[in-house]
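Good morning, colleagues. Please look at the structure on the screen while I go through a few of its regions.

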Amino acid sequence: MLEIRRERDGDADGIRAVLRTAFGGNDEANLVDALRASGNLSVSLVAVDADRIVGHIAFSPVTIDGVPGGLGLAPLAVHPNRQRSGIGSALVRRGLEALHDADYVVVLGHPEYYAKFGFRRASDLGIGNEYGADEAFQLLELRIGSLPANSGMARYGPEFGAWS
Ligand SMILES: CC(C)(COP(=O)(O)OP(=O)(O)OC[C@H]1O[C@@H](n2cnc3c(N)ncnc32)[C@H](O)[C@@H]1OP(=O)(O)O)[C@@H](O)C(=O)NCCC(=O)NCCS
C-alpha cells in the first residue's frame with residue numbers, strides 16, 4: 001500500500017534513484033543532496049510502496065527581494081512506471097499541508113498541473129523570477145498579505161545555481 005511520509009535517515013539513496021530515473025540525469029538528485037547538506041531541505045516527503053521509494057517532493061527556502069518567508073517546490077518526481085496514478089498530486093497536497101510557517105510557495109512547472117492546487121501565474125501578482133519564465137513560474141499565497149505590495153523578484157537558494 002502506498003504511504004506518504006517524511007524523509008528519514010537511510011532514504012537518500014532511494015530518493016536519488018527515483019530522481020535520476022524520472023528526470024533522466026543527475027542534476028535534480030544532486031540538487032536534493034546539496035539542499036540536504038546545507039540544511040535547506042525544509043520539507044522532504046517520499047511516496048513509498050512495498051518498501052520502495054516511488055516518488056519524492058522537496059521544498060526549500062526562497063526569498064523575494066532578499067526577504068525570507070517563502071518556499072520553493074522543487075523537485076517533484078514520480079517513478080515513470082508509477083506516473084499518472086495520482087502519486088504526484090498526493091505528494092503536492094501532503095507537502096502543502098506540511099508547510100506550517102511558510103508565507104507562500106513558488107514552483108517552476110507545468111501550469112495545468114499546478115493550477116489544481118491553487119497556484120497561479122506569479123507575474124500576475126507582480127513576482128518575477130531568475131529564469132525568465134512566465135506562465136511556468138507560479139505562486140500560491142499561504143498567508144494573505146505576505147507578498148510585496150508592488151512587485152518583487154523571487155530567488156531560490158544558492159544550491160540552485162548549479163541546477164538551473
Ligand atoms: C510531473 C510528475 C511528477 C507527475 O506525477 P504523476 O504521479 O504522474 O501525477 P498525477 O498522477 O498526480 O497527475 C497526472 C496528471 O497530471 C498531468 N500531467 C502529468 N505530467 C504532466 C506534464 N508533464 N505536463 C502537463 N500535465 C501533466 C496529466 O493531466 C495527468 O492526468 P491524466 O493522467 O489524466 O492525463 C511526473 O510525471 C514526473 O515525475 N515527471 C518527470 C519529472 C518532472 O517533470 N517533474 C516535474 C517538475 S516541475
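Which residues have the most contacts inside the largest nonpolar core? They are Val32, Val105, Val106 and Val107, in a core of 47 residues. I should say at once that this is a predicted model. Strand β3, which spans residues 52-64, gives the most to this core, with seven residues. As for Val107, if one does not count residues up to four places away in sequence, it touches Gly72, Leu73, Ala74, Tyr114, Phe119 and Gln138.

Let me turn to the helices. Two packed helices are described by the angle between their axes and the distance between the axes. Helix α1 covers residues 12-23 and helix α2 covers residues 27-38; they pack at an angle of about 150°, with their axes 7 Å apart. Angles over 145 degrees count as roughly antiparallel, and α1 and α2 are therefore roughly antiparallel to each other. On the α1 side, the contact is made by Ala12, Ile15, Arg16, Leu19, Arg20 and Phe23. On the α2 side, Asp27, Glu28, Ala29, Val32 and Arg36 take part. By class, the residues of this contact between α1 and α2 divide into six nonpolar, five charged and no polar. Val32 thus appears in the helix contact and also among the core residues with the most contacts.

Next, two positions that touch one another, Val18 and Ala77. Val18 is found in helix α1, while the place of Ala77 is in strand β4. Is Val18 buried or exposed? Val18 is buried, because 23 other C-beta atoms lie within 10 Å, and 20 or more are required for that label. Ala77 also counts as buried, with 26 C-beta neighbours inside 10 Å.

Their contacts, leaving aside neighbours within four places in sequence, are as follows. Val18 is in contact with Ile53, Val54, Gly55, His56, Ala77 and His79. For Ala77, the list is Val18, Leu19, Ala22, Phe23, Glu28, Gly55 and His56. Ala77 and Leu19 are 58 residues apart in sequence, and their C-alpha atoms are 6.0 Å apart in space. By contrast, the C-alpha atoms of Val18 and Ser85 are separated by 16 Å, with these positions 67 residues apart along the chain counted as their separation.

Strand β4 has a further feature. A cis peptide bond joins Ala74 and Pro75, with omega at about -10°. Pro75 is found in strand β4, and Ala74 is one of the residues that Val107 touches.

I come now to the ligand. How many residues surround the ligand? There are 17, and the closest are Gln83, Arg84, Gly88, Ser89 and Gly109. The elements that give two or more residues to this shell are α1, β4 (67-78), α3 (87-97) and α4 (111-115). Of these, β4 gives the most, with four residues. By class, the shell has eight nonpolar, seven polar and two charged residues.

Arg84, one of the closest residues to the ligand, deserves a separate word on its backbone. Arg84 lies in the loop between β4 and α3, and its phi is near 65°, a positive value in a residue other than glycine. Arg84 is exposed, with 8 other C-beta atoms within 10 Å. Asp51 likewise has a phi near 65°. Asp51 is found in the loop between β2 (43-49) and β3, and is exposed, with 7 other C-beta atoms within 10 Å.

Finally, two partly exposed positions. Thr63 has its place in strand β3 and is partly exposed, with 16 other C-beta atoms within 10 Å. Leaving aside neighbours within four places in sequence, Thr63 is in contact with Pro68, Gly70 and Arg155. Thr63 and Tyr156 are 93 residues apart in sequence, yet 6.8 Å apart in space, C-alpha to C-alpha. Asn30 lies in helix α2 and is partly exposed, with 16 other C-beta atoms within 10 Å. Asn30 and Gly10 are 20 residues apart in sequence and 16 Å apart in space, C-alpha to C-alpha.

That concludes my presentation; thank you for your attention.

Conventions
Residues are numbered from 1 along each chain as its sequence is written. This is a predicted model: local features need pLDDT of at least 70, side-chain atom pairs count only at pLDDT 80 or more; totals for chains, interfaces and linings use all residues. Axes are lines fitted to C-alpha atoms, for helices over the stretch in contact, and angles run from 0 to 180 degrees between N-to-C directions. Angles under 35 degrees count as roughly parallel, over 145 as roughly antiparallel, 65 to 115 as roughly perpendicular and the rest as oblique. Two residues are in contact if their C-beta atoms, placed from the backbone, lie within 7 Å. Ala, Val, Leu, Ile, Met, Phe, Trp, Tyr, Cys and Pro count as nonpolar, Asp, Glu, Lys and Arg as charged, and the others, Gly among them, as polar. A residue is near a molecule or strand if its C-beta atom, placed from the backbone, lies within 6 Å of it. A nonpolar core is a set of buried Ala, Val, Leu, Ile, Met, Phe, Trp, Tyr and Cys residues joined through C-beta atoms within 7 Å. A residue is buried if 20 or more other C-beta atoms lie within 10 Å of its own, exposed if 12 or fewer, and partly exposed in between; C-beta atoms are placed from the backbone.
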